[in-house]
Amino acid sequence: MEQIEHKHVEVSGLKLHVAELGTGPKAVLFLHGFPEIWYSWRHQMVAAAAAGYRAIAFDFRGYGLSQHPSEPEKASFYDLVADVVGVMDSLGISKAFLVGKDFGAFPAFLVAGLHPERVCGVITLGIPFMPPGVDHVLPMHLLPKGFYVLRWLEPGRAEADFGRFDVKTVIRNIYMLFCGSELQVASEEQEIMDLADPFAPLPPWFTEEDLNVYSSLYENSGFQTALHFPYRTVPQDYGLKDPKITAPGMLIMGEKDYVLKFPGMEEYIKSERVKEFMPNLEIIFHEEGNHFIQEQLPEEVNHLLTTFLNKHST
């Protein structure tokens, strides 16, 4: 970890924090989700660099050590596409593998769809490709009203909920809730933070030191932009005229990932309907994997990652 180099690059007038390890001729760009940050790819960066790749993870705008946009409420996923392409340009990378987790999968798919010449392959964890008009694939209207995504979609609601606690407690609560296999649904009298058990021990793969790193980074950035990306931008149209990605792809899903409980999600993946949009997709399920599978089971994910990279680097 101490060998990882840190710097800032300027993209669209914003200074974005970049972590980099390795000097290989092929590049791998890791895209985090929420409540994650560049650090959530620490294990995969080491593995990719050891396999001869240039491993890069950065904080999206408004996350961690990256600068906030002046008006985050007006931003869209196109801005995250600009972040990805801009980081690649700043580092002199013409083409890269993209690895996205959680909402980081969306800009990975968008870059692959809008700029296919820049992408060697796409690996996503926990989120499959979903075309515009996602409700036709996943009946999101069937989600319960108290589901966290719907609650956090409301401007100010999550901010008020989080504001009752310090940043470390918020990060801890979200990690503990999201590593479970059930949907996070609050009653009318509850907020999402109320669902967390403050006395539950951290899982063995997420240490107090890890929690401190996440907390320090979110203490720096706060949650304003993080709540806009992804929760208040997901309903926006992808903008892909032909929603098909032909680059080699791999989807890694944990059988214990709560995302599989989204209405229609498990059937969409296991029936391989997703391959209508990503014909060159390999689908991997891990029996014990949860929503944070890359941190929970790093050796297994690293093996899948490096095998894919080597297979499609020739």
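## A tour from helix α1

Just after α1 (42-50), select Gly 52, which takes a positive phi of about 100°. The model open in the viewer is a predicted one.

**Helix α1**

Step back into α1 and colour Arg 42, Gln 44, Met 45, Ala 47, Ala 48 and Ala 49: these are its buried residues. Now show what surrounds them. The elements that cover the buried residues of α1 include β2, β3, β4 (53-58), α7 (208-221), α10 (293-296) and α11 (298-311). Two of these, α7 and α11, come up again below.

**The loop before α1**

Move to the loop between β3 (26-31) and α1 (42-50) and select Pro 35, which sits there. Display the backbone from Phe 34 to Pro 35: this peptide bond is cis, with omega near 10°. As background, most peptide bonds are trans.

**Two residues with positive phi**

Most residues other than glycine have a negative phi. Two exceptions can be selected here, beginning with Ser 12, whose phi is near 55°. Ser 12 is in the loop that joins β1 (5-11) to β2 (14-21). Is Ser 12 buried or exposed? Its relative accessible area is 57%, and the cut-off for exposed is over 50%, so Ser 12 counts as exposed.

Next select Asp 102, with phi near 60°. Asp 102 belongs to the loop between β5 (96-101) and α3 (105-114). Here the relative accessibility is 8%; buried means under 20%, so Asp 102 counts as buried.

**The cavity**

Return to Gln 44 of α1, a buried residue that also lines the largest cavity. The count of cavities of 30 Å³ or more comes to one, and the largest cavity has a volume of about 40 Å³. To see its wall, select Phe 30, Trp 41, Gln 44, Val 99, Ile 123, Leu 125, Ile 252, Val 301 and Leu 305. What is the lining made of: nonpolar, polar or charged residues? Eight are nonpolar, one is polar and none is charged. Both β6 (119-125) and α11 contribute at least two residues each to this lining.

**Helix α7**

Select α7, one of the elements that cover the buried residues of α1. Place a distance between its end C-alpha atoms, which are 20 Å apart; at 1.5 Å a residue, its 14 residues should span 20 Å, so the two values agree. Now colour the buried residues of α7: Asp 210, Leu 211, Tyr 214, Ser 215, Leu 217, Tyr 218 and Ser 221. They cover an arc of only 165° around the axis, which means that they lie on the same side of α7. In an α-helix there are 3.6 residues a turn, so residues three or four places apart point the same way. Turn the view to the other side of α7 to find Glu 209 and Glu 219, which are exposed.

What do the buried residues of α7 pack against? Their partners are α1, α6 (167-178), α8 (224-228) and α10. Just after α7, Gly 222 takes a positive phi of about 70°.

**His 228 in α8**

Go on to α8, where His 228 is located. With a relative accessible area of 8%, His 228 is buried. Leaving aside neighbours within four places in sequence, show its contacts: Pro 72, Glu 73, Lys 74, Ala 75 and Thr 233.

**Ser 70**

From there, select Ser 70, in the loop between β4 and α2 (77-90). Ser 70 counts as exposed, at 73% relative accessibility. Add Asp 89 and draw a line between the two C-alpha atoms: Ser 70 and Asp 89 are 23 Å apart in space and 19 residues apart in sequence.

**Helix α6**

End at α6, against which buried residues of α7 pack. Its end C-alpha atoms are 16 Å apart, and twelve residues at 1.5 Å a residue should span 16 Å, so α6 agrees with the expected value. Why can α6 be called largely enclosed by the rest of the structure? Ten of its twelve residues are buried. To display them, select Val 167, Val 170, Ile 171, Arg 172, Asn 173, Ile 174, Tyr 175, Met 176, Leu 177 and Phe 178. The cover over these buried residues includes α4 (148-153), α5 (157-162), α7 and α10.

Notes: Residues numbered from 1 in each chain as written. Predicted model: local features only at pLDDT ≥ 70, side-chain atom pairs only at ≥ 80, totals over all residues. Heavy atoms only, no water. Helix = DSSP H or I, 4+ residues; strand = E, 2+ residues; numbered from the N terminus. Buried < 20%, exposed > 50% of the residue type's maximum accessible area, 1.4 Å probe, protein only. Contact = heavy atoms within 4.5 Å. Expected span 1.5 Å × (residues − 1). Arc of directions from axis to C-beta. 1 Å grid on protein atoms, 1.4 Å probe; cavity = no way out; pocket = protein on both sides within 12 Å on 5 of 7 lines; lining within 4 Å. Points joined across faces, edges and corners; volume = space filled by probe spheres on them. Nonpolar A, V, L, I, M, F, W, Y, C, P; charged D, E, K, R; others polar.
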